[in-house]
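Notebook open, structure loaded. I want to go through charge pairs, empty space and surface, and jot down what turns up.

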Amino acid sequence: MGKAIARLEIGLMVAGLIAIAVLRPHGLWGDGWARYLNLTELLTTGEAPEGKYSLIGPLFSAPLWLAGQLVNAREAWVGHYNGVVFALGLLAFAWMLRDRMPREVLRTFLLLLVFASMFAKHLTLYYGEVFSAVLVAVGTIAVVTERRGGWVAIVTGVANTPASLLGLGFLAIRRAWDTRRAWCLLAVFAAVALVMAEAWIRRGSPLATGYESGNQGAQTIMPYSGLPGFSYPLVFGLLSLLLSFGKGLVFFAPAFFLPVRERLKDLRARADLGALYGMWMAFTVGLILLYANYWAWSGAHFWGPRYLLFASLPACLVLAVRMHRPYESLLPNVLTLAALGLSVWVGVSGVVFGDSAATPAGCLVEGPRYEAPLCYYTPEFSALWYPFVETPALDAAQVIHLIFGLTAGAYLLARPALVVFRQVCDRVLALKNS
């Protein structure tokens with residue numbers, strides 16, 4: 001029975017990745033288009049362009065660019081880059097943790113990443129968050145499991161998204177505290193050096209970030225809009241990134257807020273999952289604090305909290321552990337079930353409806369001046385809920401993916417739902433017999 005379940009879950013993971021690759025369109029727009037143009041200029045002229053976005057992540061997509069060049073389909077091939085990175089990341093997770101934690105928990109963790117996280121939406125685009133998140137995650141697992149190259153992967157992932165340097169600082173401090181080894185802090189200096197080296201090569205100065213001019217948004221009715229750089233009030237940014245209906249982590253990665261440390265100890269895994277969880281949480285907290293102060297904290301039209309993709313990793317780990325180590329009391333298990341149900345909808349709706357639900361026409365009442373407050377804070381215009389307000393016409397591929405995603409989600413929900421059902425029945429019987 002155990003082998004059959006393992007084969008089923010592995011099959012679901014593979015099918016989920018194939019569905020995202022085949023059923024959903026993959027595009028190069030926004031930042032992704034700029035990164036693609038930078039890579040194209042580098043590969044066609046041999047000269048590094050001066051663009052503000054890092055070339056580290058796009059460089060690894062060069063094999064896809066070259067393969068696409070052979071069949072005159074460069075954009076199509078490069079558009080699948082994040083899917084390839086994510087699939088390789090899942091393989092790395094599975095290989096490094098296969099004998100270090102219970103395999104049923106590991107498979108659930110991987111299934112959640114595919115079907116119940118923000119990753120599904122990100123795989124259809126060419127933005128840089130997937131590369132950074134996967135590299136940092138692979139690196140931290142390597143560090144915790146005492147494999148070589150972990151810090152190299154972490155530094156590479158962070159350098160691809162220089163704004164995540166604060167997250168690396170928090171992560172390195174956490175690791176240094178856990179191990180009493182201050183040399184972990186050297187990773188921060190290595191990442192800074194790599195970022196500065198790229199700036200020097202491409203822009204002629206190690207301090208030239210590429211964001212010196214034009215780094216501000218449009219003026220809306222929001223009082224702090226239109227200001228450049230890190231001008232957004234920290235408190236308002238934190239409230240928005242954590243609690244807003246259109247961008248808040250409490251809706252897009254709800255398990256991030258659930259406790260799990262006691263259940264991690266109960267696993268008795270060979271890997272120090274508590275240390276891994278601590279490093280992931282520290283990195284995410286650094287991202288939250290940094291982007292809460294950034295004028296573009298919202299990620300604009302992008303579906304969900306674009307810059308906080310990494311939060312999906314600790315959130316999925318929390319769910320996987322709590323699903324396989326339920327609590328004796330009812331309330332914690334109800335919270336697990338609720339967080340899992342919402343996470344499944346995040347994964348399904350993100351890839352099925354995507355950006356069409358992220359900026360509904362109603363947000364643009366009287367022009368973009370009202371877009372931010374309506375799209376970011378109004379529940380009816382949230383990317384998660386707008387499909388229920390005005391369901392868009394779905395093509396055959398969307399319908400297939402919707403049914404498949406909800407079916408996979410139902411499979412994930414079955415175990416915690418059964419636990420809650422049994423506990424409710426036990427309480428009802430206890431009340432009758434009292």
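**Entry 1: salt bridges**

I started with a network: D31, E129 and R306 are linked in it by salt bridges. For my own record, a salt bridge here is a side-chain nitrogen of Lys or Arg within 4 Å of a carboxyl oxygen of Asp or Glu. Before going on, I note that this is a predicted model, where local features need pLDDT of at least 70 and side-chain atom pairs count only at pLDDT 80 or more, while totals for chains, interfaces and linings use all residues. Residues are numbered from 1 along each chain as its sequence is written, and side-chain values use heavy atoms, with hydrogens and water left out.

Within that network I looked up the pair D31 and R306, whose closest N and O atoms are 2.6 Å apart. The pair ties together distant parts of the chain, 275 residues apart: D31 sits in helix α2 (residues 31-45), and R306 in the loop between α16 and α17 (312-324). Helices in these notes are DSSP runs (H or I, at least four residues), numbered from the N terminus. Buried or exposed, I asked of D31 and R306? Both are buried, and the cut-offs I use are under 20% relative accessible area for buried, over 50% for exposed and partly exposed in between (1.4 Å probe, protein chains only).

How many salt bridges does the whole structure have? My search finds 7. I looked at two more of them.

- R107 and E9 meet through their side chains at 2.7 Å, N to O. This pair also links distant parts of the chain, with R107 in helix α7 and E9 in helix α1, 98 residues apart. R107 and E9 are both buried.
- E198 pairs with R202, with 2.9 Å between the closest N and O atoms. Both residues belong to helix α12 and are 4 residues apart, about one turn of the helix. E198 and R202 are buried too.

A reminder to self: side chains of opposite charge can pair when their charged atoms come close.

**Entry 2: cavities**

Next I went looking for enclosed space. I count 7 cavities of 30 Å³ or more. On a 1 Å grid over the protein atoms alone, a cavity is a set of points where a 1.4 Å probe fits but cannot get out; a pocket is an open set with protein on both sides within 12 Å along at least five of seven lines, and lining residues have an atom within 4 Å of a point. Grid points are joined across faces, edges and corners, and a volume is the space filled by probe spheres set on the points.

The largest cavity holds about 130 Å³. Its lining has 14 residues, and E129, S132, T161, L287 and Y307 lie nearest the centre. Two or more lining residues come from each of α9 (129-144), α10 (150-160) and α16 (273-292). Which element gives the most to this lining? That is α9, with 4 residues. E129 turns up twice in my notes, since it is also part of the salt-bridge network with D31 and R306.

**Entry 3: a pocket**

I then moved on to the second largest pocket, at about 510 Å³. It has 22 lining residues, with I10, M13, L91, A94 and L110 nearest its centre. At least two lining residues each come from α1 (2-23), α6 (81-97) and α7 (103-115). The largest share, 8 residues, is from α1.

**Entry 4: cysteines and surface**

I checked for disulfides (cysteine sulfur atoms within 2.5 Å) and found 0. C184 counts as buried because its relative accessibility is 3%. C316 is buried as well, at 2% relative accessible area.

On the outside, I noted a nonpolar patch of about 550 Å² made by Y224, L227, V235, F236, L239 and L243. Patch residues have over 30% relative accessible area and no salt bridge, with like charges joined within 9 Å and nonpolar side chains (Val, Leu, Ile, Met, Phe, Trp, Tyr) within 5 Å. Areas are Shrake-Rupley with a 1.4 Å probe, and for residues only the protein chains shown count as cover. Y224 is in the loop between α12 (186-203) and α13 (234-243). Why is Y224 called partly exposed? Because its relative accessibility is 36%.

**Entry 5: two distances**

M323, in helix α17, is buried at 5% relative accessible area. M323 and V419 are 96 residues apart in sequence and 9.2 Å apart in space, C-alpha to C-alpha.

I400, in helix α22 (residues 396-433), is partly exposed at 48%. From I400 to L55, 345 residues apart along the chain, I get 36 Å between C-alpha atoms.
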